[in-house]
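Open the structure in your viewer and keep the residue numbers switched on. The stops below say what to select and what is there.

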Amino acid sequence: MRRFFIIILVVLATCHVQAAKTDISQLTLEEKIGQMVQLVTDLFGTNDAKGVFHIDKTKADTLFSKYKIGSILNAPNTCAPTAQQWEEIIGDIQRLSMKHIGVPCLFGLDQNHGSTYTQGGTLFPQNINVAATFNREVARQCAEATAYETRAVSVPWTFSPTLDLGRDARWPRIYENFGEDCYVNAEMGKAQTLGFQGEDPNHVDEHHVAVSLKHYLGYSVPWSGKDRTPAYIAPALLREKFFAPFLAGIEAGAHSIMVNSASINGMPVHANHELLTTWLKEETGWDGVLITDWADVNNLYTREMVAKDKKDALRIAINAGIDMIMEPYSVDACVLLKQLVEEGKVPMSRIDDAVSRILRMKQRLGLFQHPTQRLKDYPKFGGEEFAKLALEGAAESMVLLKNEGNILPMEKGKKILVTGPNANQMRCLNGGWSYTWQGNRTDEFASQYNTIYEACCHEFGEENVRLCQGVTYNEKGQWWEENEPDIDAAVRAAQGVDVIVACIGENSYTETPGNLTDLTLSENQRNLVKALAKTGKPIVLVLNEGRPRIIADIVPLAQAVVDIMLPGNEGGDALAGLLSGRFNFSGRLPYTYPSEINSLTNYDFKKSEESATMEGAYDYNAKITQQWGFGTGLSYTTFEYGNLQVDKEHFTKDDVLTVSIDVTNSGGRTGKESVLLYSSDLIASMVPDGRRLRQFEKIELQPGEKRTVSFSLPARDLAFVGYDGRWTLEEGEFVLSIGRLTTKVVCDQTYTWDTPNR
Ligand code: BGC
């Protein structure tokens with residue numbers, strides 16, 4: 001009998017599963033600190049002979065039983081497993097987490113443009129393309145489908161959307177966010193947050209996931225143009241433009257925010273109490289989780305040199321407002337943070353605040369009830385419905401920049417040469433964050449989709465399409481390396497064709513590996529276009545690139561130019577359908593396309609940034625040059641604007657202006673048009689922006705159809721942040737413009753206020 005009891009006790013002890021601990025008061029100090037630490041999957045796995053990752057249960061056991069780790073990130077080996085493999089991996093993690101801690105694990109993944117990290121999932125256009133659609137529905141629907149596919153593999157958290165303002169074309173992450181304008185980033189960020197999380201942030205259901213807005217704040221304009229290096233941004237500009245998309249995301253219910261790896265104005269953002277706690281948490285009342293970016297606590301003492309060692313770095317970051325540390329390889333933080341609390345250097349109240357936020361997020365995701373989902377309950381994973389969304393989104397995002405003599409659309413039956421390094425690769429259509437971090441193995445995983453060449457064969461008939469690339473990327477080298485070109489072969493292949501489709505641009509990259517030394521497109525590629533132009537055949541330039549590379553010397557050689565940016569797996573088909581005229585163009589540039597390296601600018605530049613030549617001895621000038629302006633985009637039809645109206649000529653701070661315009665499709669084809677409303681503050685106490693985008697709306701019109709588009713514009717939206725950091729709406733004249741039409745309105749009085757937003 002005694003032996004029987006002992007056996008039962010042993011069995012009970014080994015099978016012991018913690019009761020779920022939903023309340024912070026149930027956690028010990030070690031358990032609380034463990035919740036604040038995030039590690040990578042690679043720490044506790046092994047790869048079998050086929051390279052398939054399996055959890056090493058002994059290693060994993062220690063992390064959860066001893067260190068009480070609260071969060072895990074990343075795909076094993078930073079490469080997409082299958083959905084079934086994910087089911088196994090996350091299942092194991094959640095069992096261990098519930099068994100040893102009684103709190104489910106928060107697993108986070110960069111699902112940046114669809115199922116980045118799951119084989120067989122859907123890859124949508126990158127965010128720069130989503131911005132080019134100027135269609136909030138595309139943003140929302142792609143995010144919602146991504147959320148579905150992410151939750152299908154039991155991952156409840158994506159490190160998306162990216163809301164940095166892509167205001168410097170040199171920066172390698174331009175394609176990950178929604179272009180240079182803060183209003184476009186705010187609107188698309190809001191749409192994606194709602195798409196990912198659903199309408200009720202308090203209950204994120206089994207088809208949605210939590211977002212992480214990133215990278216807070218001012219990450220995108222490093223002084224050197226290189227990733228993760230210091231930025232210098234005037235405080236007023238930080239508040240007025242860089243903060244705006246994050247505020248919009250918070251208002252839409254964003255559950256977490258990831259911090260900028262670098263420094264602004266000399267202070268690493270991970271150490272900046274004012275930005276992390278005052279602006280983000282105290283002023284707005286936001287109750288979500290603030291997570292570091294990759295190893296950024298360590299960077300405070302290894303790179304930024306504001307801390308003497310790891311413990312010091314932890315003290316600074318946690319006291320500044322960090323709630324979760326993306327370590328990602330070490331458990332040191334668990335030990336050091338406990339010491340800091342015991343020594344009184346990090347107050348217990350700060351730990352409790354951070355852990356309450358983390359537990360709240362886990363609750364809102366329903367993880368305590370359902371730490372995992374069943375893949376078989378997600379029949380739409382990687383299916384037709386999402387492929388159609390991806391195709392339509394891609395087609396709506398491509399921008400027609402030039403179409404001399406209406407060379408496009410191309411009639412069926414024309415003989416076409418498809419050439420250039422981007423003509424026949426899935427890798428460059430998708431860019432980074434595609435199956436792997438750098439996107440360099442995409443062709444292994446996406447062979448079922450069509451490259452540009454393959455899609456042209458389907459669209460125009462294989463017998464009409466010829467492939468000769470002339471320039472190719474060195475797939476075994478760095479992303480920018482090219483093989484010895486064979487331009488003569490491409491020139492020879494052009495004999496006998498009617499049109500040359502030259503697919504140029506960049507191979508895939510992201511983050512620091514994507515840094516550049518020269519924004520000008522490679523010499524080989526420009527030489528290819530120059531040589532082909534000599535054949536006298538018309539050239540359609542297809543720009544397939546993550547950021548606008550300078551091509552001023554070859555633009556005049558092309559009859560048509562299409563910027564397809566990074567349209568994803570359906571991008572080849574979308575482009576072929578546009579070239580043939582089966583689809584119509586409706587994308588517009590979400591950034592200013594530069595034409596010279598010393599004139600990198602944005603659409604909202606100030607009048608004073610450009611000066612004409614003065615008379616006399618002092619004859620200098622500063623010209624702003626642009627290849628194509630923000631918002632440029634042609635269509636196969638034409639639109640006419642008329643009757644711009646505003647309901648009030650004079651307004652006060654609390655008024656809402658109703659601005660309306662008639663838009664007519666004056667061409668012969670159905671088309672979509674993005675109607676963009678700008679404002680200009682004519683005279684202000686701080687040098688005013690030349691113009692600012694205030695609203696946009698996309699409409700579809702049949703030939704001959706006319707529609708009145710109406711915008712409700714709160715007068716507060718016309719305010720700027722003054723030198724004293726206060727929002728300021730000054731008396732005086734404002735010009736409102738849509739297309740070439742303008743109208744004036746007058747603010748009768750000056751107002752200032754200091755809430756975080758307008
Ligand atoms: C990137 C983030 C990403 C994180 C996790 C970092 O290097 O900057 O954007 O979310 O890694 O993968």
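Start by selecting Thr 652, then show the residues around it. Not counting residues up to four places away in sequence, Thr 652 touches Ala 715 and Tyr 751, where contact means heavy atoms within 4.5 Å. This is a predicted model, in which local features need pLDDT of at least 70, side-chain atom pairs count only at pLDDT 80 or more, and totals for chains, interfaces and linings use all residues. Residues are numbered from 1 along each chain as its sequence is written, and side-chain values use heavy atoms, with hydrogens and water left out.

Stay on Thr 652. This residue lies in the loop between strand E20 (650-651) and strand E21; helices (H or I, at least four residues) and strands (E, at least two) are DSSP runs, numbered from the N terminus. Thr 652 counts as partly exposed, at 31% relative accessibility. On that scale buried means under 20% relative accessible area, exposed means over 50%, and partly exposed is in between (1.4 Å probe, protein chains only). Add Cys 747 to the selection: its C-alpha atom is 5.9 Å from that of Thr 652, although the two are 95 residues apart along the chain.

Next, select 639-646, 656-665 and 706-714. What is the order of the strands in this open sheet? The order is E19-E21-E24, with antiparallel pairing; two strands pair if DSSP finds at least two bridges between them. E19 (639-646) and E24 (706-714) stand at the edges with a single partner strand each, so one side of each has no neighbour in the sheet. From one strand to the next the twist averages 20 degrees, with axes being lines fitted to C-alpha atoms, for helices over the stretch in contact, and angles running from 0 to 180 degrees between N-to-C directions. Six bridges join E19 to E21 (residues 656-665). To see one place along this pair, pick Gly 642, which stands opposite Asp 662 in E21.

Move to helix H4, residues 83-100. Its 18 residues should span 26 Å at 1.5 Å a residue, and the end C-alpha atoms are indeed 26 Å apart; the expected span is 1.5 Å times one less than the number of residues. Buried residues of H4 include Trp 86, Ile 89, Ile 93 and Leu 96. Among the elements that cover the buried residues are helix H3 (57-65) and strand E5 (106-109). Just after the helix, Gly 102 takes a positive phi of about 85 degrees.

Now select the cysteines. The structure holds zero disulfides, a disulfide being a pair of cysteine sulfur atoms within 2.5 Å. For Cys 105, the nearest cysteine sulfur is that of Cys 334, 13 Å away. Cys 105 counts as buried at 0% relative accessibility, and Cys 142 counts as buried at 5%.

The last stops are salt bridges, of which the whole structure has 57. Each is a side-chain nitrogen of Lys or Arg within 4 Å of a carboxyl oxygen of Asp or Glu. Select Arg 692 and Glu 240, whose side chains meet at 2.7 Å, N to O. Arg 692 lies in strand E23 (residues 692-701) and Glu 240 in helix H8 (residues 235-242), so the pair ties together parts 452 residues apart in sequence. Both residues are buried. They belong to a network of salt bridges whose members include Arg 167, Lys 241 and Asp 604.

Finish at Arg 726 and Asp 754, a salt bridge of 3.3 Å, N to O. Arg 726 is partly exposed at 27% relative accessibility, whereas Asp 754 is exposed at 52%.
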